[in-house]
Amino acid sequence: MRATGSMNLRRSIAALAIMSVAISGGISLGAEAKPNVVLIVIDDLGWADLGCYGSKFHKTPHLDTLATEGIRFTQAYAACPVCSPTRAAIMTGRYPQRMNITTWLPGYPDRPEHRLKQPEVNQQLPAAETTIAEALKPAGYASASIGKWHLGGEGSGPTDHGFDINIAGDQAGTPYSYFAPYKNNMGKTIPGLEQVPEGEYLTDRLAAEAEKFLDAHQHKPFFLYLPNFAVHTPMKAKQEMVARYGAMPAQANGSQIHPVYAAMMESMDDAVGRVLKKLDDLKLSERTLVIFTSDNGGLCNGNGQIIPPTSNAPLRDGKSHLYEGGIRVPLLVKWPGVVKPGSTSDEIVTSIDFFPTILSACGVNADAKANPIDGMNLRPVLDGTGKLNRDAIYWHFPHYNSNAGAKPGAAIRAREWKLVEFYETGRRELFNIAKDMRESNNLIEQNADIARDLHARLAAWRDSVGAKMPTPNPNYTPNPQHSSTADVNGIMLRYEPLPNKDTLGFWVRQEDWASFEFTVTRPGKYHLIPHVGCGTNGGSLVHFEVAGQTLPLTVPATGGFQKFVPQDLGVVTFDKPGRYTLTIKPQKKEGVAVMDVRLVVLKPVELALNEMLPDLHLLDPFWRSITVHRESVLCVKDAADQPTTGKLLFPATKVVTVHSADGRTQYQPGTDFNLTSDGTQLELTEKSRIPFLQAADLFPAKGKLPQWSGGTATGPQSLSHKLGDPETFILFNNGHWFHDQQIEVTYARQAADWPGDVPHFDATKLPKTLARLKAKQKLTIGVSGDSITYGLNASGLVGAPPFMPMYPDLVAAQLRATYGGEVALFNRAVGGWSVPNGLSDLDQLLAHEPDLILIAYGMNDVGRRNPEAYKEGIQQMIARIKTARPQAEILLVATMLGNEQWQHTPREMFPKYRDALASLCGEGIALVDLTSIWTEMLKRKRDCDLTGNGVNHPSDFGHRVYASAVLSLLVESK
């Protein structure tokens, strides 16, 4: 609750300030002397998104016109690279660190891979703060907040902070829906928008509400705060607008190419145009101050999307980053009679400046506020009478944004200089922004004195605003897999987060080097496999050093720095579990750069599969056998008044064994579980040792982890973009956490046919492959695919018992055991790849001269919702294979289904992608239909039973199903 005494005190101070100015003759309190104020804040709008800022793709005619009618700032900054802190700064004129709001609310949770523990933040705007609305109220201003608030919910909404009217503002940072009814999947509606036409677009509705406010308050001074939800994710727009921008591209290229985002931009521009037209129609424009800006830089880092919404080029990076792309924003100001139309300013201004500027324009003395104001009055810049003579502006962001690759840090901009500091390592970078707005040239070596001075000023500022610092994370468990986790040592080397790069790059100095910390849970031998890219020359010599072992790499030419090719450097041995550091140090640089590195993978040396095969029953799959072997189950308690259960594929007539997925713990009937009377479920006993989840745990609140994770090293993550509900995340872990929760059940089942489509042996489909196998001739298998085919989340890849390999390895091993001949396997699958990547890598795959090729894409393609483009890409792969290897035969693998609740794996698209593959089958080309198998399995089981990461990778059982499906086409059943 707000403190009433504090509120009255602030209002009294504001009223006294106005009276003192009026008595001294400073202003007239008549309505005719008071300008109206319209403050429009767009969510996630990038600096380069408007036509007047250089965009050639987005259509923003109304805002471009506004720029010609007012002043356009080229060096305006948001107070933070994410939303809530900037909104707090806008409302109060104070650095958000003073309010302990330093990230979006509620913020990302701490995770095991985070080196630092993030400071806790206030979850609402403090009651002691004075907002623009509160400061203007004693001066007779009516006020409305129409749109996103995101500074607290009940008790800390807009009307609790001085606004007379609140429409659509609560604690939510993302709209419940962009189309009416504006509800989330819990039935909650955006406040104030309960009665609206079905199908209406949210941006249009907010414009209509703003028009109604202007109509109702045209005869008295007003402050309209219009913070749009647009253009924040999820990407939703009117289809007729989307169509004007063409089809969704297959790959990101660092440019503005997202048709849905462009349509959202157009709708936003139309909405702003409606508000400006209403001011014209009511003859209010000549006495209205209009400010248009954004809360942070544009979202260009993917954030889970294949094509990022926008590009901030030429600025570096985007939202969540302290580089220019994350904090520099558009700013347009129109104030007839004060601002010269069509003018431009390169003054350094920031979000905290709006409060004193608006108060000054409205005749309210900001200096009389109880809290000190950090911002500066922009009036001299607006009217052309002077400059700000600003000392510096500051940022402090002690948080992670894992999806965008951002890490905790701080920055200072002082005239032409900018210093960026990273809290994990203390690394600092210095840029001359006046000469290098791209931040491509780190000048810290040449200007060490300037860097020291700026750092001292930054540290002093942090102390002055009470900024809270991150602390060491006691549960830190580093993960070596991705370049975003690397520590950079040197001057120019950097992680480049844009989706078309997503790499450790700009390696233009031989002296620069990188290191990865990682944790080994199982001692043993591992293949060290970096995924590297280079241009057309290559030739640099690089040493990979870990655990006292050095593996050299002569960098190959891959045809492009972002054309990544896995390089198996050999085997390294880890004698004991624990934390290790891998260093990557160039010994010789050839050409313009050493290389790019996207991933560094440690892959366990292949186990003795011959010993493992009999227990896997790969030639005895559940759809043929009356015994179901080692079916994976994750037990869930759906409600407090219901038992905890695990679902089975078939009604069981007898349970043979139940054990943990790692094989170490056997569970007993009667003690740990009972079989339900219909045989379809295991029901856990009250004292069962079997792990289980609550149903709600599968979908944790946005930014939160379930309580039982406790922030431990093995705890799960939560993945954004739950279908239809941006406030809810999906339980996710890309290691072995799900494997650790699952059990495996072997049971006898009723003799009933599997109702879905399953693969059958047909000697006519792949005659050349079968002939080689039967003749014991060497069979070379080449594999092109995504993370599933690469091996996630097989226990052997994620380093957990029983260390079962991924399905391509299982297939090759079973073919060797069955036919007795040599089978060579070349698996070039890479996590995150889709069909265009397979096309780019195809020549490298064909260099192995494969006789049988598995093409296994789809999981990363379905999110594009374009099966025609997918089919065309697969056709191109087939044509090139047939040209290069006429005798080769091909298996097209239709993928498993992804989690139905994740918006990037739309359930309805999987059959369309499968059918696209089926249409390409013919002589020497056969379909392995996992889509149909998974569809039927998920009628009987939960997503969490069958996935290894909760979303889109198979468990060990899933990998065995994949292998059995492939083998069904290659081995005749007995």
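I will go through the overall dimensions of this protein, then two of its sheets, and then two residues in loops.

Let me say at the outset that this is a predicted model, so please hear everything that follows as a description of that model.

I begin with the whole chain. The protein has 23 helices and 41 strands, and its C-alpha trace spans about 105 × 65 × 50 Å along the principal axes. For 974 residues, a compact globule would be expected to have a radius of gyration near 30 Å, and the protein, at 30 Å, agrees with that expectation. Buried residues make up 63% of the 974, while the area that the protein exposes comes to about 34,700 Å², of which carbon and sulfur atoms supply 50%. If we take the contacts with a separation of 6 or more, 73% of them are between residues 24 or more positions apart.

Now to the sheets. One of them is an open sheet of five strands, in the order E16-E19-E25-E21-E22, with antiparallel pairing. Its edges are strand E16, residues 487-489, and strand E22, residues 549-554, each of which pairs on one side only. From one strand to the next, the twist of this sheet averages 25 degrees. If you would like a place to look in detail, strand E21, residues 541-546, runs antiparallel to E22 and is joined to it by six bridges, and within that pair Leu 541 stands opposite Thr 554.

The other sheet is also open and also built from five strands, in the order E38-E37-E39-E40-E41, but here the pairing is parallel. Strand E38, residues 823-827, and strand E41, residues 925-929, each have a single partner strand, and so one side of each is left without a neighbour in the sheet. The twist in this case averages 20 degrees from one strand to the next. Further in, strand E37, residues 779-785, pairs with strand E39, residues 852-856, over five parallel bridges, and Gly 785 has Ala 856 in E39 as its bridge partner. Helix H21, residues 930-937, packs on this sheet, where it touches E41 and strand E40, residues 889-894, and its direction makes about 15 degrees with that of E41.

I turn to the two loop residues, beginning with Asp 353, which lies in the loop between strand E10, residues 349-350, and helix H9, residues 354-361. Is this aspartate, Asp 353, buried or exposed? Asp 353 counts as buried because its relative accessible area is 0%, where the cut-off is under 20%. What does the side chain of Asp 353 reach? That side chain comes to 2.7 Å from the backbone nitrogen of Met 376. Beyond its neighbours within four places in sequence, Asp 353 is in contact with Gly 375, Met 376, Leu 378 and Arg 390.

The other residue is Thr 189, in the loop between strand E5, residues 165-167, and helix H5, residues 202-216. Thr 189 has a relative accessible area of 17%, and since buried means under 20%, Thr 189 is classed as buried too. Leaving out residues up to four places away in sequence, Thr 189 touches Tyr 176, Tyr 182, Lys 183 and Glu 194. Its C-alpha atom is separated by 9.0 Å from that of Ala 168, a residue 21 positions away along the chain.

Technical notes
Residues are numbered from 1 along each chain as its sequence is written. This is a predicted model: local features need pLDDT of at least 70, side-chain atom pairs count only at pLDDT 80 or more; totals for chains, interfaces and linings use all residues. Side-chain values use heavy atoms; hydrogens and water are left out. Two strands pair if DSSP finds at least two bridges between them. Helices (H or I, at least four residues) and strands (E, at least two) are DSSP runs, numbered from the N terminus. Axes are lines fitted to C-alpha atoms, for helices over the stretch in contact, and angles run from 0 to 180 degrees between N-to-C directions. Contact means heavy atoms within 4.5 Å. Buried means under 20% relative accessible area, exposed over 50%, partly exposed in between (1.4 Å probe, protein chains only). A polar contact is a pair of N or O atoms within 3.5 Å; within protein, one must be able to donate a hydrogen and the other to accept it, and residues adjacent in sequence count only if both atoms are side-chain atoms. The radius of gyration is taken over C-alpha atoms; the globule rule is 2.2 Å times the number of residues to the power 0.38. Accessible areas come from the Shrake-Rupley method with a 1.4 Å probe; for residues, only the protein chains shown count as cover.
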